[in-house]
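Subject: Structure for your review

Dear colleague,

Please find below the structure that I am handing over to you, together with its sequence. My notes on what was found in it come after.

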Amino acid sequence: MRLTLTSNTSRITAVAAVTLFLSGCSAISDKQPSTPTDTAPITSALTVEAIYDSSTYQAESVAPTRWLADGSGYTTLEDSSSGGQNLVKYHPQTQERTVVASAAELTPANASAPLKVADYEWSADGSKLLIFTNTKRSWRTHTLGDYWVLDLTSKRLQQLGGNATPSTLQFAKFDPQGNRVAYVRENNIYVEQLSSGNITALTSSGNDTIVNGTFDWVNEEEFSLRDGFRWSPNGRSIAYWQLDTEGTPLFTMINNTDELYPTLKQFPYPKVGETNASMRIGVISAQGGNTRWMTIPGDARQHYLVRMDWAGNNDQLLIQQLTRRQHINRVFLANTNSGEAREILRETTESWAEYVDDVKFLDHGKSFTWLSERSGWRHLYRVERDSGRMSAITRGNWDVIEVLNINQDSGWVYFIASPDSPLQRYLFRASLDGSGKLERLTPDQPGTHSYSLSADAKFAVHTYSALETLPVTTMITLPNHDPVRTILAHEKQQEALDDLPRGEVSFFQVEARDGLKLDGLLMKPVDFDPNKSYPILFYVYGEPWGQTVADAWRGNPFLWHTMLTQRGYIVASIDNRGTKTPRGFEWRRSIYKQLGVVTVRDQYDALQEILNRWDFIDENRVGIWGHSGGGSQTLNAMFRYPQAYSMGMALAPVPDLTLYDTIYQERYSGLLPDAAASYEETSAITHAENLQGDLLLVHGTGDDNVHFQGSERLVNELIKHGKQFDFFAYPNRTHGISEGEGTPVHLRQMMTDFVHEHLPVNQN
């Protein structure tokens with residue numbers, strides 16, 4: 001998940017965790033990675049401990065940073081010499097530093113230590129600070145916690161929630177005037193007056209099945225829906241989602257280790273074909289009263305209300321609704337006084353339609369921006385709100401990857417794109433008038449560039465990385481891209497990396513059987529000899545939520561693969577069609593109802609091309625591994641092409657696609673019962689009897705995302721067919737398989753040993 005630097009109107013949400021395509025069928029991590037505390041001695045060869053249990057090569061996170069709306073600078077957290085953290089402000093041009101809130105001022109009365117700030121938000125006038133702390137996991141992300149408000153004028157520090165149980169508040173945010181804070185507690189929405197501490201319950205229906213202002217597991221995971229309410233621009237009303245999960249089957253997880261007797265955890269989890277929660281959107285006065293529900297057409301359990309916000313005024317909402325099959329996205333303007341909704345835009349496909357984040361209203365609400373793939377490429381459009389007429393702002397045979405800033409005053413939209421190569425990311429700007437004027441602002445520095453722009457787009461926090469370059473974060477000016485200050489450079493970690501013996505690392509392309517070009521990455525052994533024969537290990541993800549072949553720093557996976565090259569292995573990765581790369585609509589949709597079939601066919605075709613191209617690769621020593629969706633692809637590769645892969649490691653896979661959730665799997669595989677035959681054919685478990693190579697299957701029993709149940713079913717199927725394999729279950733570990741002291745080192749050492757045993761090096 002990308003760390004985004006936002007304005008003072010940003011909402012405080014989950015504590016973000018960086019995931020490197022090890023996060024499952026979705027991109028959202030279930031746990032923040034553990035932070036190594038020791039520095040390993042630098043040696044000529046990497047070890048599992050040096051990678052996973054030290055900080056020697058680890059990239060640090062930039063502290064939560066916020067641009068101030070008035071353009072006077074940005075704020076960030078810095079360690080205090082007396083303990084805790086200071087909140088400091090930097091002028092963007094001069095970099096003059098001012099302590100805005102000291103660690104002492106962030107220490108509650110009678111407390112022994114300052115608040116540990118997980119995230120923070122400014123009030124609109126910059127006079128108050130909202131602090132998120134003491135966080136804990138709700139579903140897969142840390143959205144539960146405590147909230148405090150610091151008044152910078154009076155220096156008063158007050159906790160919100162009255163006598164609420166610790167770590168039970170969610171999504172607190174100031175009203176536009178900065179006098180009140182709204183938040184969710186135990187599935188109900190509350191508004192607290194800061195001056196008096198009076199708390200008003202806006203909803204009271206929240207319980208185990210009625211959810212107000214937040215979401216159930218599946219909507220959080222697959223639509224990134226967490227914060228479920230919005231203040232109106234004038235602060236008089238709040239619009240919110242309400243879910244009813246009654247009828248959604250409960251999934252039960254068992255914990256055998258933490259208590260004397262096993263304990264159970266249950267939560268609503270709709271698997272493919274099962275009953276979804278119903279969704280509706282309403283508006284209520286911030287003073288309390290009755291809710292006016294919006295009358296969006298369609299069965300509430302057969303549609304998803306995927307996005308909602310105020311439509312540039314105080315009287316209308318812009319609501320996006322997907323069909324359950326997700327092939328149609330209908331956009332409605334809903335009148336908050338009558339509840340009447342009018343469709344103004346529709347995106348229709350034969351596969352799945354995309355919803356749009358961060359719609360921005362222009363011209364005092366007369367039009368809004370919209371991302372669409374209707375041209376065959378993802379581009380930005382302007383939509384007239386009354387007629388729905390669309391006009392293109394960007395155009396060409398390339399994708400807009402991410403919109404960063406839309407500045408109507410200057411007439412520019414700033415966005416990330418990479419027209420020439422899907423491996424890189426650069427900053428562009430285009431004229432909002434649709435004239436087609438386009439400028440690349442990133443200098444000629446191949447790699448991956450990310451930005452957080454100030455509101456006026458005159459400054460940005462810029463982070464650059466490349467395949468063998470750790471992230472470097474700087475303050476820059478725009479549009480000239482001149483450096484102002486280095487914020488975080490990772491000099492020691494980069495020096496340690498550069499001191500390691502490493503073989504050649506290169507990008508390449510191969511063709512699939514239909515002529516489609518696929519991007520690949522090849523890492524050669526340190527003492528490479530083209531006259532020798534080497535084993536090769538492929539790293540695969542292969543599903544629509546990840547890209548493995550990119551000119552960007554990949555952290556631990558890259559280091560582990562580097563360690564293998566030091567031990568005589570070739571490591572490769574291929575992005576098959578359908579992966580999350582900016583290669584257009586047809587590339588992304590080509591895997592509809594074909595996950596596990598065309599995806600691994602591309603992987604197999606790439607292997608054949610590689611074997612034909614390079615004589616130094618031993619076709620009898622080919623391995624493959626992946627996590628989550630990559631684990632599923634690993635199984636499919638080994639079962640569908642058993643003579644091609646001599647070994648594989650599948651971590652937290654989905655062997656039977658019908659066991660995964662409705663939103664993700666039905667989006668890519670269709671609805672039951674119509675697609676029943678397709679589900680059977682594309683599920684790896686159907687072909688388990690074909691296993692020939694050596695398989696390591698690993699899963700956490702506490703995985704609430706990709707359930708342990710799937711691996712258990714696969715175990716039974718393999719046993720039925722007399723197939724021998726290695727299987728390891730990590731008790732109570734979730735999808736990332738990272739919790740518990742020693743777990744990352746144990747897992748990677750087990751994988752390393754399995755590679756050494758079943759993909760031996762010394763056979764020349």
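The notes below take up the annotated domains, a pocket, the salt bridges and some points of backbone geometry.

Please bear in mind throughout that this is a predicted model.

**Annotated domains**

Two domain features come from the UniProt record, which is an unreviewed entry in both cases. The record places "Dipeptidylpeptidase IV N-terminal" at residues 123-469. In the model that span is 47% strand and 2% helix, and its end C-alpha atoms lie 37 Å apart. The other feature, "Peptidase S9 prolyl oligopeptidase catalytic", covers residues 563-759 according to the record. Here the chain is 41% helix and 17% strand, with 15 Å between the end C-alpha atoms.

**The second largest pocket**

The second largest pocket has a volume of about 600 Å³. Its lining is made up of 29 residues, and those that lie nearest the centre are Trp139, Asn187, Asn207, Asp208 and Val211. Two elements give two or more residues to this lining, namely strand S9 (169-174) and strand S17 (263-268). The largest share comes from S17, with 4 residues. By residue class, the lining divides into 12 polar, 9 charged and 8 nonpolar residues.

Where does this pocket lie with respect to domain 1 and domain 2? Domain 1 (64-200) and domain 2 (202-357) both contribute residues to the lining, so the pocket lies between them.

**Salt bridges**

A search of the whole structure finds 31 salt bridges. Three of these pairs are described here.

Arg137 pairs with Asp704, the closest N and O atoms being 3.1 Å apart. The two residues are 567 residues apart and link distant parts of the chain: Arg137 is in the loop between strand S6 (128-136) and strand S7 (144-151), while Asp704 is in the loop between strand S42 (694-700) and helix H10 (708-720). Arg137 has a relative accessibility of 24% and therefore counts as partly exposed. Asp704, by contrast, is buried, with a relative accessible area of 1%.

A salt bridge also joins Asp399 and Arg588, with 2.8 Å between the closest N and O atoms. This pair again links distant parts of the chain, 189 residues apart, with Asp399 in the loop between strand S27 (390-392) and strand S28 (400-407) and Arg588 in helix H5 (residues 585-589). Both Asp399 and Arg588 are buried.

The third pair is Arg621 and Asp618, whose side chains meet in a salt bridge at 2.8 Å, N to O. Arg621 counts as buried because its relative accessibility is 4%. Asp618, at 14%, counts as buried too. Elsewhere, Glu354, Glu373, Arg378, Asp399, Arg588 and Arg589 are joined into one network by salt bridges that share partners.

**Backbone geometry**

Two peptide bonds that precede proline deserve your attention. The bond from Leu478 to Pro479 is cis, with omega near 10°. Pro479 is placed in the loop between strand S34 (469-477) and strand S35 (483-488). The bond from Leu672 to Pro673 is likewise cis, with omega near 5°. Pro673 has its place in the loop between H8 and helix H9 (676-682).

The loop between S34 and S35 also holds His481. Phi of His481 is near 65°, a positive value in a residue other than glycine. Is His481 buried or exposed? With a relative accessible area of 11%, His481 falls under the 20% cut-off and so is buried.

Lys155, which is not a glycine either, has a positive phi near 65°. This residue lies in the loop between S7 and strand S8 (157-159). Its relative accessible area is 38%, and Lys155 is therefore partly exposed.

**A further buried proline**

Pro653 is found in the loop between strand S41 (647-651) and helix H8 (662-669). Pro653 is buried, with a relative accessible area of 1%. From Pro653 to Ile719 the separation is 66 residues in sequence and 18 Å in space, C-alpha to C-alpha.

I should be grateful for any comments you may have.

With kind regards

Terms used:
Residues numbered from 1 in each chain as written. Predicted model: local features only at pLDDT ≥ 70, side-chain atom pairs only at ≥ 80, totals over all residues. Heavy atoms only, no water. UniProt positions renumbered as here; feature names shortened; annotations may be inferred. 1 Å grid on protein atoms, 1.4 Å probe; cavity = no way out; pocket = protein on both sides within 12 Å on 5 of 7 lines; lining within 4 Å. Points joined across faces, edges and corners; volume = space filled by probe spheres on them. Nonpolar A, V, L, I, M, F, W, Y, C, P; charged D, E, K, R; others polar. Domains from an automatic or database assignment. Salt bridge = Lys/Arg side-chain N within 4 Å of Asp/Glu carboxyl O. Buried < 20%, exposed > 50% of the residue type's maximum accessible area, 1.4 Å probe, protein only.
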